[in-house]
Amino acid sequence: MSLDRRLTDLTALLHRIAVQYRACAFASSFGAEDMVLHDIIAKHALPITVFTLDTGRLPGETYALMDRVREHYGLPIEVYYPDARALEAYVRGNGINAFYRSVELRQDCCAIRKAAPLARALAGRDAWISGQRRAQSITRRDLAIEEFDAEHRLPKFNPLADWGDDEVWGYLRAHEVPTNPLHARGYPSIGCAPCTRAIEPGEDLRAGRWWWEQPEHKECGLHRRPLDVAVRVETLEAVS
Ligand code: SF4
């Protein structure tokens with residue numbers, strides 16, 4: 001499929017989501033895929049709230065991009081933070097870098113710094129959007145464009161699920177979209193600074209995330225799978 005066709009379909013899908021779900025929100029971590037969605041949402045003035053989770057451990061480059069995006073598009077970005085008391089108790093009991101010691105401690109850190117703020121960010125929404133793609137890792141190979149997020153009881157859209165790397169970067173370059181400079185230094189997927197490193201050529205795109213863990217553990221709880229209801233394209237088409 002050509003990039004133009006991809007773009008037409010993506011824009012139409014985002015328009016339909018915005019019409020059908022008046023309280024929909026886009027969760028951005030300012031990765032390459034997220035920047036495609038930022039650009040289209042801004043250029044088409046789509047009424048989709050943009051939010052991000054500041055874990056407190058993000059790389060400086062991500063914070064710089066967050067500000068750059070705000071200035072570039074002139075649109076508000078809602079920023080959600082971890083609960084201070086829960087985080088203080090975790091660090092007091094386990095140390096500041098406990099996530100390296102076990103999968104459980106890593107998941108606890110992600111639960112406090114990411115999953116709980118995500119739940120607050122999604123409260124009151126009627127749908128949410130992510131920039132996830134199937135090609136990113138083995139944990140995302142069955143990713144659908146539309147799913148039902150059973151944990152948050154919301155429809156969830158992954159509009160770039162079937163986009164390839166070349167298409168994402170083709171769009172970003174053609175439209176001169178701001179991106180995280182870490183991508184050019186070997187970081188295709190960027191999360192918290194202590195849990196992300198550059199990858200080697202040929203490695204899985206998310207190999208640099210929690211590199212000390214087995215691949216099947218490499219999700220942070222934000223996108224738990226499986227989600228329990230399949231694609232409902234007919235519903236969307238009904239409002240187009
Ligand atoms: S990615 Fe690392 S630092 Fe960030 S929330 Fe998860 S375990 Fe904590």
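Reader: In which loop does isoleucine 96 lie?
Author: This is a predicted model. Two helices flank isoleucine 96 along the chain. The residue lies in the loop between α4 and α5.

Reader: Is isoleucine 96 buried or exposed?
Author: Count the other C-beta atoms within 10 Å of isoleucine 96: there are 11. A residue counts as exposed if 12 or fewer lie in that range. Isoleucine 96 is therefore exposed.

Reader: How far apart are the C-alpha atoms of isoleucine 96 and cysteine 109?
Author: Along the chain, isoleucine 96 and cysteine 109 are 13 residues apart. In space, their C-alpha atoms are separated by 9.7 Å.

Reader: How are α4 and α5 oriented to each other?
Author: Helix α4 covers residues 84-94, and helix α5 covers residues 103-122. Their axes are 10 Å apart and pack at an angle of about 165 degrees. Angles over 145 degrees count as roughly antiparallel. So α4 and α5 are roughly antiparallel to each other.

Reader: Which residues of α4 and α5 make the contact?
Author: From α4 come Ala86, Leu87, Tyr90 and Asn94. By class, the contact of α4 with α5 has 7 nonpolar, 1 polar and 2 charged residues. The α5 side is made by Leu105, Asp108, Cys109, Ile112, Arg113 and Ala116.

Reader: Which residues come nearest to the ligand?
Author: The ligand has 13 residues around it. By class, this shell has 7 nonpolar, 2 polar and 4 charged residues. Those that come nearest are Cys109, Cys110, Arg113, Cys192 and Cys195.

Reader: Is α2 parallel or oblique to α6?
Author: Helix α2 takes in residues 32-43, and helix α6 takes in residues 165-174. Their axes are 10 Å apart, and the packing angle is about 50 degrees. That makes α2 oblique to α6.

Reader: Which residues of α2 and α6 meet?
Author: The two helices pass in a left-handed crossing. On the α2 side, the residues are Ala32, Glu33, Met35 and Val36. By class, the contact has 7 nonpolar, no polar and 1 charged residues. On the α6 side, they are Val168, Trp169, Tyr171 and Leu172.

Reader: How are α1 and α6 oriented to each other?
Author: Helix α1 runs over residues 3-20. The axes of α1 and α6 come within 11 Å and cross at roughly 85 degrees. Angles of 65 to 115 degrees count as roughly perpendicular. So α1 and α6 are roughly perpendicular to each other.

Reader: Which residues of α6 does α1 meet?
Author: Leu3, Arg6 and Leu7 do the meeting in α1. By class, the contact of α1 with α6 has 3 nonpolar, 1 polar and 2 charged residues. The α6 residues are Glu167, Gly170 and Tyr171.

Reader: Is phenylalanine 30 buried or exposed?
Author: Phenylalanine 30 is found in the loop between β1 and α2. Its phi is near 65 degrees, a positive value in a residue other than glycine. There are 24 other C-beta atoms within 10 Å, and 20 or more count as buried. Phenylalanine 30 is therefore buried.

Reader: Is alanine 45 buried or exposed?
Author: The place of alanine 45 is in the loop between α2 and β2. Alanine 45 has a positive phi of about 50 degrees although it is not a glycine. Within 10 Å there are 9 other C-beta atoms. With 12 or fewer counted as exposed, alanine 45 is exposed.

Reader: With which residues is tryptophan 128 in contact, leaving aside its neighbours within four places in sequence?
Author: Tryptophan 128 is found in strand β4, residues 127-129. The residue is buried, with 24 other C-beta atoms within 10 Å. Its contacts beyond those neighbours are Cys24, Ala25, Ala27, Leu122, Leu154 and Lys156.

Reader: How far apart in space are tryptophan 128 and isoleucine 48?
Author: In sequence, tryptophan 128 and isoleucine 48 are 80 residues apart. C-alpha to C-alpha, the spacing is 9.2 Å.

Reader: What pattern does the protein chain follow along the sequence?
Author: The protein chain has 7 helices and 6 strands. Read along the sequence, the pattern is α-β-α-β-α-β-α-α-β-β-β-α-α.

Terms used: Residues are numbered from 1 along each chain as its sequence is written. This is a predicted model: local features need pLDDT of at least 70, side-chain atom pairs count only at pLDDT 80 or more; totals for chains, interfaces and linings use all residues. Axes are lines fitted to C-alpha atoms, for helices over the stretch in contact, and angles run from 0 to 180 degrees between N-to-C directions. Helices (H or I, at least four residues) and strands (E, at least two) are DSSP runs, numbered from the N terminus. Angles under 35 degrees count as roughly parallel, over 145 as roughly antiparallel, 65 to 115 as roughly perpendicular and the rest as oblique. A crossing is left-handed if the near helix is turned anticlockwise from the far one by less than a right angle, and right-handed if clockwise. Two residues are in contact if their C-beta atoms, placed from the backbone, lie within 7 Å. Ala, Val, Leu, Ile, Met, Phe, Trp, Tyr, Cys and Pro count as nonpolar, Asp, Glu, Lys and Arg as charged, and the others, Gly among them, as polar. A residue is near a molecule or strand if its C-beta atom, placed from the backbone, lies within 6 Å of it.
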